[in-house]
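Subject: Structure for you to look at, with notes

Dear colleague,

Here is the structure that I wanted to pass on to you. Please have it open while you read the notes that come after it.

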Amino acid sequence: QVQLVESGGGLVQAGGSLRLSCEVSGRTISSFRMGWFRQAPGKEREFVGGISRIGLLYYPDSVKGRFTISRDDAKNTVNLQIASLKPEDTALYYCTATASANDWYSPDYWGQGIQVTVSS
């Protein structure tokens, strides 16, 4: 059974940085396309980036330059580094995994989500 568990969230001051991690269990992480989403209160869920099986990185323009995704195959973990945090980055962040042919927006697995709160 595949499980995704996020960690690293919390309360951070604007301008700071944060690293979220997502540990995958039940299957080798390199068999998935791994993604990150976020959802702020009252807003739709937003794709903030992903890494393909072969390590290609994808970011929407809205976060490009501040968000960095990396994968640690030895730890079966994917990370999301967020720099220059803004109050509008406050959201519940989700890790996703896709092994099927579904696109980034229809992942096969979701983590439980982790809260990031940025204070001004």
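The notes below go from the overall fold to the core, the disulfide and a few single residues.

Please keep in mind that this is a predicted model, in which local features need pLDDT of at least 70 and side-chain atom pairs count only at pLDDT 80 or more, while totals for chains, interfaces and linings use all residues. Residues are numbered from 1 along each chain as its sequence is written, and side-chain values use heavy atoms, with hydrogens and water left out.

The overall fold

The protein has eleven strands and zero helices, where strands (E, at least two residues) and helices (H or I, at least four) are DSSP runs numbered from the N terminus. Its radius of gyration, taken over C-alpha atoms, is 13 Å, which agrees with the value near 14 Å for a compact globule of 120 residues; that rule is 2.2 Å times the number of residues to the power 0.38. Along the principal axes, the C-alpha atoms fill a box of roughly 40 × 25 × 25 Å. Of the 120 residues, 42% count as buried, a term that means under 20% relative accessible area, with exposed over 50% and partly exposed in between (1.4 Å probe, protein chains only). Among the contacts (heavy atoms within 4.5 Å) with a separation of 6 or more, 56% are made by residues 24 or more positions apart.

The core and strand β1

The largest nonpolar core, a set of buried Ala, Val, Leu, Ile, Met, Phe, Trp, Tyr and Cys residues joined through side-chain atoms within 4.5 Å, has 28 residues, and L4, L20, M34, W36, V78, L80 and Y93 have the most contacts inside it. Two or more residues are given to this core by each of several elements, including β3, β4 (33–39) and β5 (46–51). L20, one of those core residues, touches W36, V78, L80 and Y93, among others, when residues up to four places away in sequence are not counted.

L4 lies in strand β1 and is buried, with 5% relative accessibility. In that strand (residues 3–7), L4 and E6 make up the covered face, whereas Q3, V5 and S7 make up the uncovered one. Beyond its neighbours within four places in sequence, L4 is in contact with residues that include M34, Y109 and W110, as well as C22 and C95. Strand β1 runs antiparallel to strand β3 (residues 18–25), to which five bridges join it; DSSP must find at least two bridges between two strands for them to pair. One of the bridge partnerships is that of V5 with E23 in β3.

The disulfide

The structure holds one disulfide, counted as a pair of cysteine sulfur atoms within 2.5 Å. The sulfur atoms of C22 and C95 are 2.1 Å apart, and the link is left-handed, with -75 degrees about the S-S bond. This pair links distant parts of the chain, since C22 is in strand β3 and C95 in strand β9, 73 residues apart. C22 is buried at 0% relative accessibility, and C95 is likewise buried, with a relative accessible area of 0%.

A buried arginine

R38 lies in strand β4 and counts as buried, with a relative accessible area of 9%. Leaving aside neighbours within four places in sequence, R38 has contacts that include E44, E46, E88 and D89.

Best wishes
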